[in-house]
Number of protein chains: 2
Amino acid sequence: MRILIVEDEAKTGDYLKQGLTEAGYVVDLARDGMDGLHLALTGDYDLVILDVMLPGLNGWQLLEAVRRNGRELPVLFLTARDQVEDRVKGLELGADDYLVKPFAFAELLARVRTLFRRGRNGTEPTTLTVADLELDLLRRRVTRSSRRIDLTAKEFSLLELLLRRQGEVLPRSLIASQVWDMNFDSDTNVIEVAVRRLRAKVDDPFEPKLIRTVRGMGYVLEAPDAA
Amino acid sequence: MRILIVEDEAKTGDYLKQGLTEAGYVVDLARDGMDGLHLALTGDYDLVILDVMLPGLNGWQLLEAVRRNGRELPVLFLTARDQVEDRVKGLELGADDYLVKPFAFAELLARVRTLFRRGRNGTEPTTLTVADLELDLLRRRVTRSSRRIDLTAKEFSLLELLLRRQGEVLPRSLIASQVWDMNFDSDTNVIEVAVRRLRAKVDDPFEPKLIRTVRGMGYVLEAPDAA
DNA sequence: GGCGCGCGATGCGCATTCTGATCGTCGAAG
DNA sequence: CTTCGACGATCAGAATGCGCATCGCGCGCC
């Protein structure tokens, strides 16, 4: 299992390389976009981890070049929190997943493993679903009962979090730190409002309701079973 | 479940140690970075709680050293509010979560439990049971005899504590500090009231009664079998 | 430069929790 | 066996604080 990391920031790059090596992968590290592209085209990698901000050639330019060469290489994007636009671009270009910096290493590892699984079984669609609700990470599209739903960036991000951890009650502090980059100032209710808007789009026109409020605790997304 | 706390400030350290011990964990406390590192590498811990500001060796240096030794140890960072930079560094180094000081103890406890669930993948169970009573931590749901019971936040928290320490007689002072964030003012009877409400939901409609009062001592939850 | 849409802040209603008073019960001692 | 003291149980009203709907600003797009 060979992984190529393209990351210019030395500290992060070394850290990633070390961690993934310890996890049992063979890892190469390129420090800029041109090196990265060269390695990606010549080396025989099973996965590329790609920083968006790179000197020389940025992440999605690199990805574009790789795709033009007809490579099916799975790509995992790393983006800073304020580069959502880039992230979207990357996904449209055929990145298979992305991770917002800063991230927990365990999270990265999990994504990497998922990508490998996918790679072997042929390309599975990168979608998250619950009941008749479906979220397509690549196309950034949401449907429910086959009806297309348009979401804003925040709404999408929130729904994505809820879907990734479906069945779990997510405390507001967690949501705040994941979807916004704030350390929960309790004197704001942005979260409630965001949930309200999300519900208006994905729950109000449909049955059953998937987003449940757990008073004093947070929110869960789940298919309400009997009992 | 063994936890290592590395914290130089005596007050905070003692407070954490006491609280986590009462919650049922085995806790060691190191007062500086070098001690902490030594313990982290030699002791067999399931989680490290790490202050960023430490004499000798700071939090992320310690973390880096641990990672270099190939340890998969889950790490929870404690950072002051104005040390967001440090926090980011910590996360890049593979911290699994962070908490901004000052924090509510309940918040810490919740994070610790989440880390156990995720890190060890089920070492810490996601559901607690006694007799036909079942409590699902992730979904925050309670059932008895397969009948769904809706609990409020406080009720849930209280029942969770009783279940985690089932068979033990829990003094009121302990309950007060774990479920409420207070140091027992004896001139209130909130606990009795809360126990009453909880009993009304989980014991009154069922047999056998699981919550028992031990006069002069506190409360126990247990299945009243022979003995 | 105007317009529209997405975002975050303010004020209300209600579930939940606490307060305080009273009643019940357990245990010990006369 | 009876009585008394103390601790715990219970109840109803009060207060807290949470979650929701509405409102106005501001950014981005045309």
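Hi everyone, let me begin at a base: in the side chain of Asn189(B), an N or O atom is 3.4 Å from a base nitrogen of DNA strand C. Please keep in mind that this is a predicted model.

Staying with DNA strand C, two other side chains of chain B go to the phosphates. Thr152(B) has an N or O side-chain atom 2.5 Å from a phosphate oxygen of that strand, and for Trp180(B) the distance to a phosphate oxygen is 2.5 Å. Which elements give two or more residues to the surface near DNA strand C? They are H8 of chain A, along with H8 and helix H6 (153–164) of chain B.

In total, 19 residues surround DNA strand C, and those that come nearest are Thr152(A), Thr188(A), Asn189(A), Thr152(B) and Trp180(B). Of the strand's atoms that come within 4 Å of the protein, 64% belong to sugar and phosphate. By residue type, this surface has seven nonpolar, six polar and six charged members.

Now over to DNA strand D. Here there are 20 residues around the strand, with Arg196(A), Gly216(A), Arg196(B), Thr213(B) and Tyr219(B) coming nearest. Sugar and phosphate make up 72% of the DNA strand D atoms that come within 4 Å of the protein. The surface near this strand splits into 10 charged, six polar and four nonpolar residues.

For those of you who like individual atom pairs, I have three. Arg215(A) places a polar side-chain atom 3.3 Å from a base oxygen of DNA strand D. Tyr219(A) has one 3.2 Å from a phosphate oxygen, and Arg172(B) has one 3.4 Å from a sugar or linking oxygen.

Where does the largest share of the surface near DNA strand D come from? H8(B) provides it, with four residues. Helix H8 (190–202) of chain B is joined by helix H8 (190–202) and strand S11 (211–214) of chain A as elements that each supply at least two residues.

Let's move inside the protein. The largest nonpolar core has 50 residues, and the members touching the most others are Leu50(A), Leu159(A), Ile175(A) and Leu221(A). Helix H6 (residues 153–164) of chain A gives the largest share of this core, six residues. Why does the core lie between domain 1 (2–120) and domain 2 (127–221) of chain A? Because both domains give residues to it. There is also a second, separate core of 30 residues, including Leu151(B), Leu162(B), Ile191(B) and Leu210(B).

To zoom in on one member of the largest core, Leu50(A) touches Val6(A), Gly59(A), Leu62(A), Leu63(A), Val75(A), Leu76(A), Phe77(A) and Leu78(A), leaving aside residues up to four places away in sequence.

Last, some backbone geometry. Most peptide bonds are trans, and most residues other than glycine have a negative phi. In chain A, the bond from Glu207(A) to Pro208(A) is cis, with omega near -5°, and Pro208(A) sits in the loop between H8 and S11. In chain B, the bond from Glu207(B) to Pro208(B) is cis too, with omega near -5°; Pro208(B) is in the loop between H8 and strand S11 (211–214).

As for phi, Ala131(A) has a positive value of about 50°. Ala131(A) belongs to the loop between strand S6 (127–130) and strand S7 (133–136), and its relative accessibility is 53%, so Ala131(A) counts as exposed. Ser145(B) also has a positive phi of about 50°. Ser145(B) lies in the loop between strand S8 (141–144) and strand S9 (147–149) of chain B, and is partly exposed at 37% relative accessible area.

Thanks for listening!

Note on methods
Residues numbered from 1 in each chain as written. Chains lettered and ligands numbered in written order. Predicted model: local features only at pLDDT ≥ 70, side-chain atom pairs only at ≥ 80, totals over all residues. Heavy atoms only, no water. Near = heavy atom within 4 Å. Polar contact = N/O pair within 3.5 Å; in protein donor to acceptor, adjacent residues only side chain to side chain. Nonpolar A, V, L, I, M, F, W, Y, C, P; charged D, E, K, R; others polar. Core = buried A, V, L, I, M, F, W, Y, C linked by side-chain atoms within 4.5 Å. Buried < 20%, exposed > 50% of the residue type's maximum accessible area, 1.4 Å probe, protein only. Domains from an automatic or database assignment. Contact = heavy atoms within 4.5 Å.
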